[in-house]
Amino acid sequence: MAAETEAAAAATASGLAGEMEVEAYRRLFPLAFLERHLRESVRPDGRHLSEARHTTIALGAVYSAHGSALIRLGETVMRSLPSSSSPFSPLFFPALLASRAPQLFDEMPSQAMLASVKLEVMSPPAESPDEGSVAVEFHMPPICSPLVRPGRPADVAPVISKALEDVLMSSGTINLKDLCLINGKASWLAYLDIYCLNADGSLFDAALISAVAAFTHLEIPLVSVGDDGRVFTVGGNEGKTKFELVNREKRKLALGGIPFSLTCALHKDNVLADPTSEEESVIETYITVVVDSSDRLVSIQKLGGAVTSMETVKECISLAKERRRKLIEILTDSVEAMEVDQTE
Amino acid sequence: MSVQAATGTYSPAAAAAGDKRREKREELRRHLAEDADWPRADGRSFHDCRPAFMQTGPTTAASGSAYAEFGKTKVIVSVFGPRESKKAMMYSDVGRLNCNVSYTTFATPVRGQGADNKEYSSMLHKALEGAVMLHTFPKTTVDVFALVLESGGSDLPIIISCASLALADAGIMMYDLVTSVSVSCFRKNIIIDPTSDEEAWQDGSLVVAFMPARKEITQLTLTGEWSDSRITNAVELCMDACSKLSDILRDRLKDTATLTSE
């Protein structure tokens with residue numbers, strides 16, 4: 001019955017579509033709008049069904065953190081300008097600098113995530129004296145979406161926090177022993193805070209990319225221990241000779257098996273990789289697959305929704321593996337780009 | 001977790017930074033004793049603002065948005081609405097303006113310190129209220145949400161300017177763009193657009209929110225020790241800088257307009 005009315009609605013909708021403006025049709029009949037695109041094997045934003053959004057990673061966006069990364073999903077037009085045309089460098093949104101060029105900061109929806117890692121010193125718990133700790137928090141501030149209001153945090157935020165923590169810990173990305181400073185006395189507590197600046201679907205995927213990128217960028221400060229047993233940072237060459245350093249070697253975290261994820265929305269027989277919020281609002285079934293850098297499965301999640309065949313799950317896994325390869329390339333490129341920046 | 005953060009953990013920079021801070025304060029004291037110009041940490045002169053980068057449209061999910069970067073200070077403002085007021089609100093002939101300012105946990109050198117600036121939400125509201133034509137959207141609410149990504153000094157004035165750009169981007173009717181600039185006072189010297197370090201040692205501060213085309217001040221906050229003549233000077237300095245900032249905002253809006261019409 002429900003399916004019938006739905007079909008009827010779709011039929012009237014497609015009849016009306018000719019007379020109605022596309023934007024109005026899109027808002028009034030989002031499902032019919034999507035299905036019409038799918039019939040042509042294309043998506044409302046012009047992507048193929050199995051195509052993930054264009055991804056950019058900018059490392060070191062926040063000065064006040066030890067490691068940070070800004071990532072964007074979506075067709076943001078990047079056009080490099082000669083630096084002389086701008087008297088200052090907006091380090092933070094290099095994409096926004098492009099908007100001064102005739103081809104502007106486009107109106108295409110794009111997902112933006114900002115992740116930062118900040119280190120603090122703690123006394124390790126007695127049961128694991130040689131380990132540090134990671135505290136993950138995913139924030140959805142009211143700026144990111146019309147659905148979030150101040151004082152009422154989004155329901156999904158704690159779910160994503162937990163899922164991120166699980167993935168980062170279970171995949172062995174971070175060796176907590178690397179965060180140890182002095183056995184039993186002091187170790188690092190890494191606060192990983194991820195802010196969603198513009199919510200546009202596949203939040204978990206974007207959050208995980210930004211988390212991994214921020215840890216890649218993380219540089220652990222040189223520290224020494226004072227007479228009072230407190231740890232303090234040592235900067236400059238003079239400091240290095242004057243104080244006895246605690247962590248001469250452990251300056252970068254060696255990340256093991258970097259995990260990347262891909263969310264697929266399932267609609268009838270179609271598998272839509274990396275859905276936008278518009279697509280998410282009409283589709284009910286998702287599969288999120290996390291794979292690590294050697295293509296091992298870290299997690300698969302399909303919460304509720306319509307029943308799915310094993311074939312579809314396998315398809316999602318292979319899409320996730322493909323996406324993982326692309327993301328590693330992008331991450332490597334961004335690390336190189338940052339190193340070039342630093343040497344200049 | 002927050003309990004643990006309060007008792008068990010600390011930022012290691014604090015210990016070593018203590019010495020550096022003392023040095024800086026000594027240096028400043030020396031400069032003040034000599035009563036001379038001293039070089040500012042970022043190489044500006046006393047009456048130079050930091051280079052301003054402002055842009056509309058970082059948050060596509062909002063009706064209007066703007067991003068501002070002044071030195072290390074980075075702010076995003078999103079505007080939603082006009083949309084339905086909260087159910088609990090009484091009927092109102094004029095629209096409502098709802099403002100909220102929040103900080104990221106990593107905005108400040110010490111984690112989570114940004115939450116201290118609770119008064120900014122209401123100050124932002126007061127600064128903008130006079131400029132927005134509230135009667136053009138009766139019964140509804142316009143939400144102005146600001147997120148400080150990184151705090152590097154003069155946060156409130158930058159939030160105000162950025163918010164008015166975001167309101168304009170959202171097509172909310174205003175009498176004029178509101179721009180805001182702050183100055184710090186050090187004994188006999190006035191410096192404009194102070195960084196966080198400079199704000200930490202200032203004797204007094206003045207924040208002016210101004211509508212340059214109408215030559216009207218929407219908000220003026222003065223704290224600390226000031227003499228009459230210097231207040232006049234400082235206000236004029238702020239108004240002048242606000243006018244220049246307003247030109248930048250207008251240019252940005254024109255850029256976007258020409259682009260959409262093309």
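What percentage of the 344 residues in chain A is made up of buried residues? Buried residues account for 41% of them, where a residue is called buried if 20 or more other C-beta atoms lie within 10 Å of its own, exposed if 12 or fewer do, and partly exposed in between, with C-beta atoms placed from the backbone. The structure is a predicted model, in which local features need pLDDT of at least 70 and side-chain atom pairs count only at pLDDT 80 or more, while totals for chains, interfaces and linings use all residues. Residues are numbered from 1 along each chain as its sequence is written, and chains are lettered from A and ligands numbered from 1 in the order in which they are written.

Chain A has nine helices and twelve strands; these are DSSP runs numbered from the N terminus, helices being H or I runs of at least four residues and strands E runs of at least two. Of the contacts in chain A with a separation of 6 or more, 68% come from residues 24 or more positions apart, a contact being two residues whose C-beta atoms, placed from the backbone, lie within 7 Å. Glu219(A) offers a local view of this chain, since it can be found in the loop between helix H6 (203–217) and strand S7 (223–225) of chain A. Glu219(A) counts as partly exposed because it has 13 C-beta neighbours inside 10 Å. Apart from neighbours within four places in sequence, Glu219(A) is in contact with His66(A), Gly67(A), Arg251(A) and Lys252(A). Between Glu219(A) and Lys118(A) there are 9.9 Å in space, C-alpha to C-alpha, with the two 101 residues apart in sequence.

Helix H3 of chain A, residues 30–39, has Ala32(A), Phe33(A) and Leu34(A) as its buried residues. After H3(A) comes Ser41(A) with a positive phi near 55°, and this residue lies in the loop between H3 and strand S1 (55–59) of chain A. Ser41(A) counts as exposed because it has 9 C-beta neighbours inside 10 Å. Asp295(A), in the loop between strand S11 (285–291) and strand S12 (297–301) of chain A, has a positive phi of about 65° although it is not a glycine. Asp295(A) counts as exposed, because 12 C-beta neighbours lie inside 10 Å. As background, most residues other than glycine have a negative phi, and most peptide bonds are trans.

In chain B, an open sheet of five strands follows the order S1-S2-S3-S5-S4 with mixed pairing, two strands being paired if DSSP finds at least two bridges between them. Strand S1 (52–56) and strand S4 (96–103) of chain B stand at the edges with a single partner strand each, so one side of each is left without a neighbour in the sheet. On average, neighbouring strands of this sheet are turned by 15° against each other, direction ignored.

Strand S3 of chain B, residues 73–84, is mostly covered, with ten of its twelve residues buried. S3(B) runs antiparallel to strand S2 (residues 64–70) of chain B, joined by seven bridges, and Glu69(B) stands opposite Lys74(B) in S3(B). The hairpin of S2(B) and S3(B) has two residues between the strands, and in it Gly71(B) takes a positive phi near 55°. S3(B) also runs antiparallel to strand S5 (residues 140–150) of chain B, with nine bridges between them; Leu147(B) in S5(B) is the bridge partner of Ile76(B). Pro82(B) lies in strand S3 of chain B, and the peptide bond joining Gly81(B) to Pro82(B) is cis, with omega about 5°. S4(B) and S5(B), by contrast, pair in the parallel sense over eight bridges, with Leu97(B) opposite Val142(B) in S5(B).

H4(B) packs on the sheet, touching S1, S2, S3, S4 and S5 of chain B, and its direction makes about 150° with that of S2(B). H3(B) lies across S4 and S5 of chain B, running at about 140° to S4(B). The axes of helix H3 (residues 120–129) and helix H4 (residues 155–169) of chain B come within 10 Å and cross at roughly 50°, where axes are lines fitted to C-alpha atoms, for helices over the stretch in contact, and angles run from 0 to 180 degrees between N-to-C directions. That crossing makes H3(B) oblique to H4(B). The contact is made by Tyr120(B), Met123(B), Leu124(B), Ala127(B) and Leu128(B) of H3(B) together with Leu156(B), Ile159(B), Ile160(B), Ala163(B) and Ser164(B) of H4(B).

Technical notes
Angles under 35 degrees count as roughly parallel, over 145 as roughly antiparallel, 65 to 115 as roughly perpendicular and the rest as oblique.
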